[in-house]
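Subject: Structure handover

Hello,

Please find the structure below. My notes on its contacts and surfaces follow.

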Amino acid sequence: MQFFIEVLLGGLLSGVMYSFVALGFVLIYKASGVFNFAQGAMVFAAALTFVGFQEMGLPFPAALLAAFAVMVVLGIVTERVVLRPLVNQPPITLFMATIGLTYVIEGLAQGVWGANVRGLELGIEDVPVQWLMDSTGIGVSTFDLFGAGVAAVLVTLLALFFQYTRIGRALRAVADDHQAALSIGIPLQTIWRIVWAVAGFVALVAGLIWGARNGVSFSLTFTALKALPVLILGGFTSIPGAIVGGLIIGSTEKLAEVYLGEYVGGGIDSWFPYVMALAFLLVRPEGLFGEKHIDRV
């Protein structure tokens, strides 16, 4: 039982890290209806930019602020150059545009900072929490707990932002009905710029956490693919759903890897989340927290 709890906790904490990337998808999709396939590239660009500023000699706080400013500018420019000219186009057109944007961001980031693999140090060691190990014998990573804490703070701030600020209420209005929001004077393009800027900030947080765990390399872009099952389970428009979906995917993936991996030849983490998401689509395609669409005739 102790080993099971240890594996489960490790999976839950890993799932929180998947949720970081999923949050960026949710924010943009809620406000604009655009599935931003470039979110993984934004995570990679954010981490690479942060490390690049550190290599230039900037201390941690200054590098963080500079990388944040770059991601905000990237989000605003993306809305202006990519999203705005394609307003009222079919969703597939917008989706294909974000696929093209993925390669632009990846190439631009590597062109500016180089393509070498870098380490990223946040000062948090990936070692078991000693007091928990001594009292229960369960090994839980300090870094994983740190990531979970950051996720909790980030989700709380986003929830408060959406619920209690004027901009947040405008964002919710835009998410509910674009035309109605325009009719009461909400500037749609300004809202979209804010959402893309916030998504850039979320990408920076995700990039720092994932970069510190796995290193800053091109492989960070593939974290977007791991976020897809999270979105399918949680719902494309739900911030809490992104967290819950991440917890479900992370825990089931880790348990399946430990208990089923030997029977299927290993590599279960590369396909199991997608099989689970496909099965979930057949039962509840809108996700656990998504809005159910009813066709009217």
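The model is predicted. At 28% relative accessibility, Phe236 counts as partly exposed, because that value is neither under 20% nor over 50%.

Aromatic pairs

The ring of Phe236 pairs with the ring of Tyr29: the centres are 5.6 Å apart and the planes stand at 55°, so the pair is tilted. This pair connects distant parts of the chain, with Tyr29 in helix α1 (residues 2-32) and Phe236 in the loop between α10 (223-234) and α11 (239-259), 207 residues apart. Tyr29 is also partly exposed, at a relative accessible area of 30%.

Another aromatic pair is formed by Phe53 and Trp113, and this one is edge-to-face, with 5.1 Å from centre to centre and 65° between the planes. Here too distant parts of the chain are linked: Phe53 belongs to helix α2 (residues 39-55) and Trp113 to helix α4 (residues 91-113), 60 residues apart. Phe53 is buried at 14% relative accessibility, and Trp113 is buried at 18%.

Over the whole structure, the search finds 13 aromatic pairs. Ring pairs also join Phe25, Tyr29, Phe35, Phe37, Phe95 and Phe236 into a cluster. Two members of that cluster, Phe35 and Phe37, turn up again in the contacts of Thr98, which touches Val34, Phe35, Asn36, Phe37 and Ala38 when residues up to four places away in sequence are not counted. Thr98 is in helix α4 and is buried, with a relative accessible area of 2%.

Nonpolar core

The largest nonpolar core has 81 residues, and those with the most contacts inside it are Leu23, Ile105, Leu120 and Ile239. Helix α9 (residues 188-214) supplies the largest share of this core, 14 residues. In soluble globular proteins, nonpolar side chains tend to be buried together.

What does Ile239 contact, leaving aside its neighbours within four places in sequence? The residues are Leu23, Val26, Leu27, Val155, Leu158 and Phe162. One of these, Leu23, is itself among the residues with the most contacts inside the core.

Nonpolar surface patch

A nonpolar patch on the surface is formed by Met1, Phe3, Phe4, Ile5, Leu9, Val258, Tyr259, Leu260, Tyr263, Val264, Trp271 and Val275, with about 1,100 Å² of accessible area together. The elements giving two or more residues to this patch are α1, α11 and α12 (261-264). The largest share, four residues, comes from α1.

Val275, one of the patch residues, lies in helix α13 (residues 272-283). At 46% relative accessibility, Val275 is partly exposed. For a sense of scale, Ala62 and Val275 are 43 Å apart in space, C-alpha to C-alpha, and 213 residues apart in sequence. Ala62 sits in helix α3 (residues 60-83) and is partly exposed, with a relative accessible area of 30%.

Salt bridges

How many salt bridges does a search of the whole structure find? There are three.

- Arg118 and Glu55: the side chains meet in a salt bridge at 3.0 Å, N to O. The pair links distant parts of the chain, Arg118 being in the loop between α4 and α5 (130-136) and Glu55 in helix α2, 63 residues apart. Arg118 is buried, with a relative accessible area of 12%.
- Arg213 and Asp144: the side chains meet in a salt bridge at 2.3 Å, N to O. Again distant parts of the chain are linked, with Arg213 in helix α9 and Asp144 in helix α6 (residues 142-164), 69 residues apart. Arg213 is partly exposed at 27% relative accessible area, whereas Asp144 is buried at 8%.
- Arg284 and Glu286: the closest N and O atoms of this salt bridge are 3.3 Å apart. Arg284 is partly exposed at 30% relative accessibility, whereas Glu286 is buried at 14%.

Helix α9 therefore appears twice in these notes, because Arg213 of the salt bridge with Asp144 lies in it and it gives the largest share of the core.

Regards

Technical notes
Residues numbered from 1 in each chain as written. Predicted model: local features only at pLDDT ≥ 70, side-chain atom pairs only at ≥ 80, totals over all residues. Heavy atoms only, no water. Core = buried A, V, L, I, M, F, W, Y, C linked by side-chain atoms within 4.5 Å. Buried < 20%, exposed > 50% of the residue type's maximum accessible area, 1.4 Å probe, protein only. Contact = heavy atoms within 4.5 Å. Phe/Tyr/Trp six-rings, centres within 6.5 Å; stacked < 30°, edge-to-face > 60°. Patch = residues over 30% accessible without salt bridge, like charges linked within 9 Å, V, L, I, M, F, W, Y side chains within 5 Å. Areas by Shrake-Rupley, 256 points an atom, 1.4 Å probe, with all protein chains shown as cover. Salt bridge = Lys/Arg side-chain N within 4 Å of Asp/Glu carboxyl O.
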